[in-house]
Amino acid sequence: MSETTDTIFGKIIRREIPAEIVYEDNLALAFKDVNPQAPVHILVIPKQPIAKLSDAESKDHALMGHLLLTAKRVAEQAGLTNGYRLVINTGPDGGQTVYHLHIHILGGRSLGWPPG
Ligand code: AMP
């Protein structure tokens, strides 16, 4: 899939397409994955359209920390008291399909390791 400056996640941020939004602040948005791979599957994204983790730069370090802490907060809000997994698929070999950086929060069942 090609990289573009706008993606389906940009449309979700701008409310051009619907999503089940569970958290929002001035820097980040979290919404339920439309094709859940676990009982809880939520995506945390920056509002700033960084295409992939490997494009993040030193100037983004506060935003990156904010996304990680937001994922923790959203996982707590979702009731994942027994643990959860955060995943950032990056680039073709990482299995990334949407080129707007996102953290997957997966939980609600025991997750296998290693992933495929
Ligand atoms: P990745 O493969 O890491 O790029 O993950 C992209 C994720 O976005 C997949 O888990 C999709 O199910 C999810 N996704 C794609 N379109 C939407 C959408 N409109 N609303 C919610 N999740 C979506």
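Helix H1 contributes three residues to the shell around the ligand, the most of any element. This is a predicted model. H1 spans residues 8–13, and strand S2, at residues 28–32, also supplies at least two residues of that shell.

The shell has 16 residues, and those that come nearest to the ligand are Asp33, Asn89, Thr97, His102 and His104. Sorted by class, seven residues of the shell are nonpolar, seven are polar and two are charged.

Several polar contacts can be followed atom by atom. Aspartate 33 places a polar side-chain atom 2.5 Å from an oxygen atom of the ligand. For histidine 104, a polar side-chain atom lies 2.8 Å from a ligand oxygen. Glycine 95 takes part through its backbone: one of its polar backbone atoms is 3.1 Å from an oxygen atom of the ligand. On its own the ligand has 510 Å² of accessible area, and the protein covers 83% of that. The space that the ligand takes is the largest pocket.

Away from the ligand, the salt bridges can be looked at next. The model has ten salt bridges, counting a side-chain nitrogen of Lys or Arg within 4 Å of a carboxyl oxygen of Asp or Glu. One of them joins the side chains of glutamate 24 and lysine 47, with 2.8 Å from N to O. These two residues are 23 residues apart, and the pair links distant parts of the chain. Glutamate 24 belongs to strand S1, residues 21–24, while lysine 47 sits in the loop between strand S3 (40–46) and helix H2 (61–77).

Note on methods: Residues numbered from 1 in each chain as written. Predicted model: local features only at pLDDT ≥ 70, side-chain atom pairs only at ≥ 80, totals over all residues. Heavy atoms only, no water. Near = heavy atom within 4 Å. Polar contact = N/O pair within 3.5 Å; in protein donor to acceptor, adjacent residues only side chain to side chain. Areas by Shrake-Rupley, 256 points an atom, 1.4 Å probe, with all protein chains shown as cover. 1 Å grid on protein atoms, 1.4 Å probe; cavity = no way out; pocket = protein on both sides within 12 Å on 5 of 7 lines; lining within 4 Å. Sits in = over half its atoms within 2 Å of the grid points. Helix = DSSP H or I, 4+ residues; strand = E, 2+ residues; numbered from the N terminus. Nonpolar A, V, L, I, M, F, W, Y, C, P; charged D, E, K, R; others polar.
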